[in-house]
Amino acid sequence: MSTAPNAKPKNTSAYMAQAAIAFAVSLFGTGAGIAYLPLDGWQRAFLAMSGLFLVTSCFTLAKVVRDQQETQTLIGRIDEARLEKLIAEHNPFKTVS
């Protein structure tokens with residue numbers, strides 16, 4: 001039988017805080033770096049838009065990976081439930097008439 005736990009693993013609040021702080025510091029550092037570069041305004045705007053696109057594409061990629069993992073987990077659970085049902089219904093001593 002299966003010994004896999006049904007509970008989802010959860011992140012701790014410290015891990016979530018560390019991730020949020022790291023994101024904020026890196027975004028602020030990138031913005032400050034772009035602001036203090038000796039460039040024209042349109043060049044700064046281009047770098048800022050590139051950085052913004054990079055951030056949004058990272059969020060999208062993380063969501064796609066998470067959704068794919070959840071789908072695989074759900075498919076695995078459905079397959080496991082079908083197997084459990086077949087095993088529960090199977091009676092090797094039943095006579096066929």
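Visitor: Hello! In which helix does F59 lie?
Guide: A word on the source: this is a predicted model, where local features need pLDDT of at least 70, side-chain atom pairs count only at pLDDT 80 or more, and totals for chains, interfaces and linings use all residues. Residues are numbered from 1 along each chain as its sequence is written, and side-chain values use heavy atoms, leaving out hydrogens and water. Helices are DSSP runs (H or I, at least four residues), as are strands (E, at least two), and they are numbered from the N terminus. Residues 41-89 form the helix that holds F59, namely helix 2.

Visitor: Is F59 buried or exposed?
Guide: Buried means under 20% relative accessible area, exposed over 50%, and partly exposed in between (1.4 Å probe, protein chains only). The relative accessible area of F59 is 52%, so this residue counts as exposed.

Visitor: What is the area of the nonpolar surface patch that F59 helps to make?
Guide: Patches take residues with over 30% relative accessible area and no salt bridge, joining like charges within 9 Å and nonpolar side chains (Val, Leu, Ile, Met, Phe, Trp, Tyr) within 5 Å. Accessible areas come from the Shrake-Rupley method with a 1.4 Å probe, and for residues only the protein chains shown count as cover. Here F59 joins F23 and L27 in a nonpolar patch of about 290 Å².

Visitor: Which residues are linked in a network of salt bridges?
Guide: A salt bridge is a side-chain nitrogen of Lys or Arg within 4 Å of a carboxyl oxygen of Asp or Glu, and the structure holds two. One joins the side chains of K63 and D67 at 2.7 Å, N to O. D67 also pairs with R66, their closest N and O atoms being 3.2 Å apart. The network therefore links K63, R66 and D67.

Visitor: How many residues apart are K63 and D67?
Guide: Both K63 and D67 sit in helix 2, with about one turn of the helix between them. K63 is partly exposed at 46% relative accessible area, and D67 is partly exposed at 26%. Along the chain, the separation of K63 and D67 is four residues.

Visitor: What is the handedness of the crossing of helix 1 and helix 2?
Guide: The two axes, lines fitted to C-alpha atoms over the stretch in contact, come within 9 Å and cross at roughly 165°, with angles running from 0 to 180 degrees between N-to-C directions. That makes helix 1 roughly antiparallel to helix 2, since angles over 145 degrees count as such, under 35 as roughly parallel, 65 to 115 as roughly perpendicular and the rest as oblique. A crossing is left-handed if the near helix is turned anticlockwise from the far one by less than a right angle, and right-handed if clockwise. This crossing is right-handed.

Visitor: What distance separates the C-alpha atoms of T30 and A48?
Guide: T30 belongs to helix 1, residues 13-36, and is partly exposed with a relative accessible area of 41%. T30 and A48 are 18 residues apart along the chain, and their C-alpha atoms are separated by 8.5 Å.

Visitor: What share of the chain do buried residues make up?
Guide: The chain comes to two helices and zero strands. About 8900 Å² is exposed, with carbon and sulfur atoms supplying 68% of that area. Of the 97 residues in the chain, the buried share is 2%.
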